[in-house]
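Here are my notes on the model you sent over. Have a look at it first, then read on.

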Amino acid sequence: MKYHQKKKIYYGSESQQFGHLYTPCNSSNRPVVIVVHGGYWKDNHSLETYATFAIVDYLQSFDVAIWNIEYRRMNAKGENRNAPWPTIFKDVAAAIDHLGCIQNSESLDLGRILIIGHSAGGHLATWVASRESIAVDSELYSHVPLKIHRALSIAGILDLASVNDVDQPEQIYRLMGGERDTHPERYYACNPSILYHSQMVLTLVHGELDTCVNVSQARLFCEQSHAKVRKIILPSCDHFSMLPHDGKWAEELWLQMQQLIAEEIKALG
């Protein structure tokens with residue numbers, strides 16, 4: 001049974017700059033779980049339709065606040081006019097930092113934060129949790145970014161430079177406004193494989209049968225990382241089969257994901 005109240009809170013002036021905040025009733029000093037939906041950063045996916053809605057629903061069985069964030073996204077077809085670089089990154093960063101503005105009014109414990117993202121949301125979640133490593137001269141540099149303690153990337157895009165690992169490489173070029181050779185500074189500032197630092201506890205979950213984002217993204221990330229990253233490879237899993245949605249999914253994989261999420265929340269303390 002769920003005892004959460006839901007609020008729509010804007011972190012900016014644009015229509016898509018908002019999040020849904022779920023807070024448990026009769027509770028205070030709550031840890032926060034942030035959810036970032038995926039969908040190749042495109043506007044035909046939203047926090048209300050993407051498969052991560054199942055995670056948000058499951059989280060309401062815990063005594064945590066849930067910050068399910070929306071952000072401006074690229075138009076699905078044609079030139080990226082809706083959210084040219086660095087719009088999406090600035091939106092996600094602003095959404096996370098806005099928690100500092102509502103910390104007291106919503107009784108949030110910002111000393112205990114977990115962020116969860118799937119696919120492109122896994123990229124954004126890992127990136128925003130790694131902002132302390134962004135160069136000072138970058139447009140995306142933040143002097144005091146909100147610290148995220150734990151991150152869970154599910155089927156995440158972890159290296160923007162390895163475009164052959166994804167089935168729609170053109171979406172990376174649209175997100176970044178060009179290729180790495182043209183805008184190396186952008187890729188340095190937005191790429192989790194470059195930014196990841198040891199202060200964040202990161203867990204990667206990936207399906208062996210994923211044809212949207214190749215499992216090599218997770219494997220290579222762990223091989224190249226200087227810090228310990230927990231890697232969970234699911235042998236019979238594709239890109240979506242661990243999350244309940246309209247397509248094909250497996251209940252046993254979803255149960256495994258639920259157990260993992262519960263472990264992550266317990267680890268917050």
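Which residues in H2 meet which residues in H4? Keep in mind that this is a predicted model.

1. To take that question straight away: on the H2 side we have Ile88, Phe89, Val92, Ala93 and Ile96, and these meet His123, Leu124, Trp127 and Val128 in H4. Sorted by class, this contact has eight nonpolar residues, one polar residue and no charged ones.

2. Now the geometry of that pair. Helix H2 covers residues 87–97 and helix H4 covers residues 120–128; their axes come within 10 Å and cross at roughly 60°. H2 is therefore oblique to H4. As for handedness, the crossing of H2 and H4 is right-handed.

3. On to the sheet. It is an open one, built from eight strands with mixed pairing, and the order reads E1-E2-E4-E3-E5-E6-E7-E8. Strand E1 (4–10) and strand E8 (230–234) are the edge strands, each pairing on one side only. On average, and ignoring direction, neighbouring strands of this sheet are turned by 15° against each other.

4. One pairing you may want to look up in the viewer: strand E5 (residues 108–118) runs parallel to strand E6 (residues 150–154), with five bridges between them. Leu114 has Arg150 in E6 as its bridge partner.

5. H4 turns up again here. This helix lies across strand E3 (30–36), E5, E6 and strand E7 (201–207), and runs at about 145° to E5. So what else packs against H4? The buried residues of H5 do, and they also pack against H2 and helix H6 (184–190).

6. A bit more on helix H5 (residues 169–176): its buried residues are Gln171, Ile172, Arg174, Leu175 and Met176. Note that Gln171 and Arg174 are on that buried list. Right after H5 comes Gly177, with a positive phi near 70°.

7. Last, Asn44: where does it sit, and is it buried or partly exposed? Asn44 belongs to the loop between E3 and helix H1 (53–59). It counts as partly exposed because its relative accessibility is 45%. Setting aside neighbours within four places in sequence, Asn44 is in contact with Arg73 and Ala76. Asn44 and Leu260 are 216 residues apart along the chain, and 29 Å separates their C-alpha atoms.

Definitions and conventions: Residues numbered from 1 in each chain as written. Predicted model: local features only at pLDDT ≥ 70, side-chain atom pairs only at ≥ 80, totals over all residues. Heavy atoms only, no water. Axes fitted to C-alpha atoms, helices over the stretch in contact; angles between N-to-C directions. Helix = DSSP H or I, 4+ residues; strand = E, 2+ residues; numbered from the N terminus. Parallel < 35°, antiparallel > 145°, perpendicular 65-115°, else oblique. Left-handed = near helix turned anticlockwise from the far one by under 90°. Contact = heavy atoms within 4.5 Å. Nonpolar A, V, L, I, M, F, W, Y, C, P; charged D, E, K, R; others polar. Pairing = 2+ DSSP bridges. Buried < 20%, exposed > 50% of the residue type's maximum accessible area, 1.4 Å probe, protein only.
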